[in-house]
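I opened this notebook to keep track of what I looked up in the structure, entry by entry. I wanted to go from one element outwards to the whole chain.

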Amino acid sequence: MFSEQAAATAQGLLAPPSAEPPTFPRVAVSGYSDCSQPFQLGERSFARQYAHIYAVRLAGMRPGLERRARSRWGNDVVLRRLSELQEGEKCCVVGTLFKSMQLQPSILQEISEEHNLVPQPPLPKYIQPSDELILEDELQRIKLEGAIDVQRLVTGTIVAVYGCEQDDGRFLVEDHCFADLPPPLPWSGPSSDRYVLLASGLGLGSVSGEALLSTQLLVDVVTGQLGAEGEQSCAAHITRVILAGNLLSQNTQSRDTINKAKYLTKKTQAASVEAVKMLDEILLQLCTSVPVDVMPGEFDPTNYTLPQQPLHRCMLPLASAYATLRLVTNPYQASLDGVRFLGTSGQNISDIFKYSSMDDYLEILEWTLLAGHISPTAPDTLGCYPFYKSDPFILTECPHVYFCGNAPHFQSKLLQGKEGQRVLLLTVPDFSATQTACLVNLHDLSCQPITFSSFGADSEDGDMELEH
Amino acid sequence: MADELYLENIDEFVTDHNRVVTYKWLSYTLGVHVNQAKQMLYDYVERKRKENSGAQLHVTYLVAGNLLQNGHFVTMKSKLSTIASVHVYSIQKALLKDSSPLYNTDYDIVKTNLQHCSKFSAIRCAAAVPRTPPDAPQVPEPVQSPQRQRDPDAAINGHRVRAAKPPPQQHKGIMGMFAAKAAARPQDTPKEAKAEAKEAAGVSAANCKPPTKNTIMNNFFGKAAMNKLKANSVPEQPKEEKEVVKPSVAVAESESSPNTVAEKPGKKTESDRIQQKDKKSKTKRVDRSDDEEERDPENVKKKRKRIKQLLSDSSDEEDVPPSPTPEEERVPSPPPEPALKTELEPASTEVSAGGRKRKRKRVLKSRMFIDEEEGCMVTEKVYESESCTDSEDEFPKTKAPAPQEQAMLPTKREPKEERKNPKKGAAPASRANKQVSIMGFCQKK
């Protein structure tokens with residue numbers, strides 16, 4: 001992307017100093033609007049049960065699913081509630097899936113004295129062949145079997161199943177469908193090349209120092225210090241940087257201080273303090289040059305349950321002096337230059353990864369879009385705020401860019417929908433592990449990874465490279 | 001010949017100082033554009049190569065481009081299909097084993113130039129301007145009741161970030177007055193769109209004044225007061241201290257600059273301690289004791305600031321109405337005790353402007369009444385405004401001579417004495433949250 005345009009002046013700086021090097025003005029932000037209001041919690045009360053969130057989720061998604069069911073199985077398909085089921089009658093039922101998994105960590109089992117169980121260590125995946133799917137609606141539940149992939153699906157998904165009830169009380173599924181892609185948003189993207197840089201998992205405060213240089217190189221590219229003139233002028237077209245979570249490393253969590261005696265830990269500073277100072281400095285360098293949106297992630301100092309609230313600006317005194325810094329929620333939805341972005345820091349995808357047979361983050365991301373819900377496993381296995389009025393994770397409009405942070409690799413796919421939806425699915429890799437960030441071109445929804453590496457094993461001269 | 005100077009500079013840095021000279025470091029040190037710095041480094045490398053002098057130089061390059069997907073590559077350059085840019089990244093004498101010297105060099109130089117880190121960059125962003133702090137402090141509010149009305153407004157107005165601040169301040173009853181002040185102060189500048197700018201306003205103007213009075217005021221307050229001062233000022237100050245250190249050094253007396261400097265390193269670690277203390281009750285002094293010695297120098301200085309303010313109150317009658325209230329305005333979030341005192345005196349003096357004879361004071365009185373429902377007698381301690389003369393009321397009397405004593409003899413004794421008084425005042429008012437101090441028995445009922 002950058003390379004072709006920049007190649008002309010690539011060697012320009014291998015020369016004696018010339019007069020007055022050019023400075024390029026950064027492309028101004030033409031339209032930005034933050035659409036994350038549903039994810040911002042004001043007054044929070046945890047006195048409510050989580051059953052309400054399932055009730056509003058089902059109520060919110062039922063109309064869409066019934067429409068889909070009719071379009072798929074004919075207009076005359078019989079839609080029934082579970083309480084109205086008649087044995088042997090082919091009908092369609094809309095409900096919430098529940099997957100009962102033997103290996104699912106259960107706090108009740110752990111603390112139960114009868115079982116005498118040792119707490120289960122965290123596993124990468126909790127699926128087993130013996131898992132069962134159960135469909136629940138407002139009043140009843142029924143076991144499902146048949147043409148439905150038990151391993152692949154997760155709890156909390158709203159699904160419409162077509163089949164009939166057996167005499168043993170189970171529902172034999174012949175076909176099923178999800179909410180499918182939400183209705184499309186009108187396209188009003190920019191007419192020229194505008195880029196948005198997405199990075200996640202900066203992992204500051206970790207023990208390793210190698211990734212720090214890569215982070216510095218990333219900042220230098222974006223602020224226009226690194227690279228020859230051509231590259232710098234291309235970098236001036238980056239209109240925004242989105243940091244999708246895990247700015248701090250997992251090492252900063254300092255969980256072991258909970259077990260230590262108070263007198264030992266009294267005056268020790270939390271590891272995250274130093275890391276946040278480093279983050280502040282990096283953000284300051286970025287903010288003096290480009291608008292930045294900072295999303296919190298799993299290891300960042302904010303609340304644990306989804307939707308995570310923005311980091312507090314008191315932690316970033318230097319950077320928050322600039323209006324270009326925006327501290328936003330996780331999940332984050334915004335309209336940049338007419339292009340709607342929606343994404344999370346990756347907790348939703350990694351949670352589905354643990355409880356489903358799907359292995360590919362991009363596949364899971366696409367599946368959540370087709371299921372019409374950002375995070376179906378919340379609140380079952382992923383912490384979530386007890387919503388009761390409406391479920392803000394239901395997808396009502398199809399975004400143009402749908403991303404998730406902290407993925408193991410960079411992957412992207414342009415999905416075309418039947419109703420004219422065009423979505424760029426993007427898994428933003430973990431920067432501390434892969435040193436890769438993503439560059440999205442808003443003009444044509446193309447995207448490209450950009451990797452920073454230094455001191456490769458096969459270099460004599462000590463080259464550093466910037467690949468894209 | 002000016003062109004040759006940079007060559008000599010680079011030579012000096014690399015060979016004599018044994019430095020790792022990165023383009024960024026050179027750019028900041030010589031004050032040139034980053035591209036010029038890169039070219040300078042290249043020029044130096046080329047000349048050194050031509051000279052062939054035998055001095056070993058290691059050069060690190062930056063290569064950027066599109067990666068070729070397949071095959072095994074000999075050099076870094078052959079890995080890239082199109083090269084987007086190549087330039088010298090750094091020059092150093094020794095062979096680098098890893099990237100940490102490069103990172104450290106850049107980190108250090110950026111850290112010392114944080115405020116203008118994009119000065120020599122090739123990209124300028126028009127949108128990246130610091131949020132403007134609002135104008136100089138406005139006319140102070142004269143009476144308490146408008147402040148009270150504005151307090152709920154302040155709590156509702158503004159976004160969540162703002163809302164985070166008033167609640168910790170409204171914890172204790174006596175703090176209500178301060179919260180009203182601190183929150184209502186931004187109301188004076190309704191034009192300000194950003195709430196954080198409002199706090200910055202109060203603080204930046206405030207910080208110019210308090211450092212000057214630190215020496216005398218600090219004796220005045222008890223530890224609880226210090227907690228409050230810190231709790232509220234610390235979140236607001238970090239941003240301001242950078243800018244304020246400069247003006248305050250210019251304005252302040254010699255002892256104030258150590259204050260601001262001492263505050264700065266202390267502030268970060270204090271902030272988390274302060275948050276805990278906000279919630280603890282006043283009697284949990286044990287936990288605070290280990291922190292007190294660290295915070296005492298600052299406490300002492302802060303206390304002294306208060307004393308002087310009151311001194312000016314009691315001594316200068318005509319100037320009392322305007323002067324204490326602007327000073328209240330400027331202090332970021334003054335602790336409860338000075339609130340009590342300064343409000344007592346301005347309130348009283350404003351009601352009867354110019355006269356010291358009759359003052360309306362808020363006095364702690366106990367009311368007894370019979371509660372029919374429960375069938376018992378209830379004794380309640382209430383603050384009531386009552387009109388009284390100076391001599392009859394002991395409460396202000398103990399305070400009025402005390403500030404004057406302060407000015408005369410600043411000894412160790414005073415901090416304790418003054419601490420007693422604020423505690424007497426604070427404790428009954430916030431009895432719901434705090435245990436009544438034992439000194440309450442010494443008060444005249």
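**Entry 1: helix 7**

I began with helix 7 of chain A, which I found mostly covered, as 13 of its 17 residues are buried. I kept in mind throughout that this is a predicted model. Helix 7 runs over residues 271–287 of chain A, and from its first C-alpha to its last it reaches 24 Å, close to the 24 Å expected at 1.5 Å a residue.

**Entry 2: the nonpolar cores**

I then looked up the largest nonpolar core, which has 83 residues, and noted that L197(A), L243(A), L283(A), V292(A), V294(A) and L325(A) are those with the most contacts inside it. Helix 7 of chain A gives the most to this core, with nine residues. In soluble globular proteins, nonpolar side chains tend to be buried together.

I followed L243(A) further and, not counting residues up to four places away in sequence, found that it touches A199(A), L202(A), L283(A), V292(A), D293(A), V294(A) and M295(A). A second core, separate from the other, has 52 residues, and I noted Y126(A), L135(A), L365(A) and C404(A) among them.

**Entry 3: T368(A)**

Next I turned to T368(A), which has its place in helix 9, residues 361–371 of chain A. Is T368(A) buried or exposed? I recorded T368(A) as buried, because its relative accessibility is 0%, where the cut-off for buried is under 20%. Once I left aside the neighbours within four places in sequence, the residues in contact with T368(A) were I349(A), I352(A), H373(A), I374(A), L395(A) and Y402(A).

**Entry 4: a patch on the surface**

For the surface I looked up a nonpolar patch formed by I107(A), L108(A) and I111(A), which together have about 350 Å² of accessible area. I107(A) lies in helix 3, which covers residues 107–111 of chain A. I entered I107(A) as exposed because its relative accessible area is 56%, and the cut-off for exposed is over 50%.

**Entry 5: the whole chain**

Last, I took the totals for chain A, whose secondary structure comes to ten helices and 20 strands. Of the 468 residues in chain A, 57% are buried, and the chain exposes about 18800 Å², with carbon and sulfur atoms supplying 51% of that area. I also checked the contacts in chain A between residues at least 6 apart in sequence, and 73% of these join residues at least 24 apart.

Methods. Residues numbered from 1 in each chain as written. Chains lettered and ligands numbered in written order. Predicted model: local features only at pLDDT ≥ 70, side-chain atom pairs only at ≥ 80, totals over all residues. Heavy atoms only, no water. Helix = DSSP H or I, 4+ residues; strand = E, 2+ residues; numbered from the N terminus. Expected span 1.5 Å × (residues − 1). Buried < 20%, exposed > 50% of the residue type's maximum accessible area, 1.4 Å probe, protein only. Core = buried A, V, L, I, M, F, W, Y, C linked by side-chain atoms within 4.5 Å. Contact = heavy atoms within 4.5 Å. Areas by Shrake-Rupley, 256 points an atom, 1.4 Å probe, with all protein chains shown as cover. Patch = residues over 30% accessible without salt bridge, like charges linked within 9 Å, V, L, I, M, F, W, Y side chains within 5 Å. Salt bridge = Lys/Arg side-chain N within 4 Å of Asp/Glu carboxyl O.
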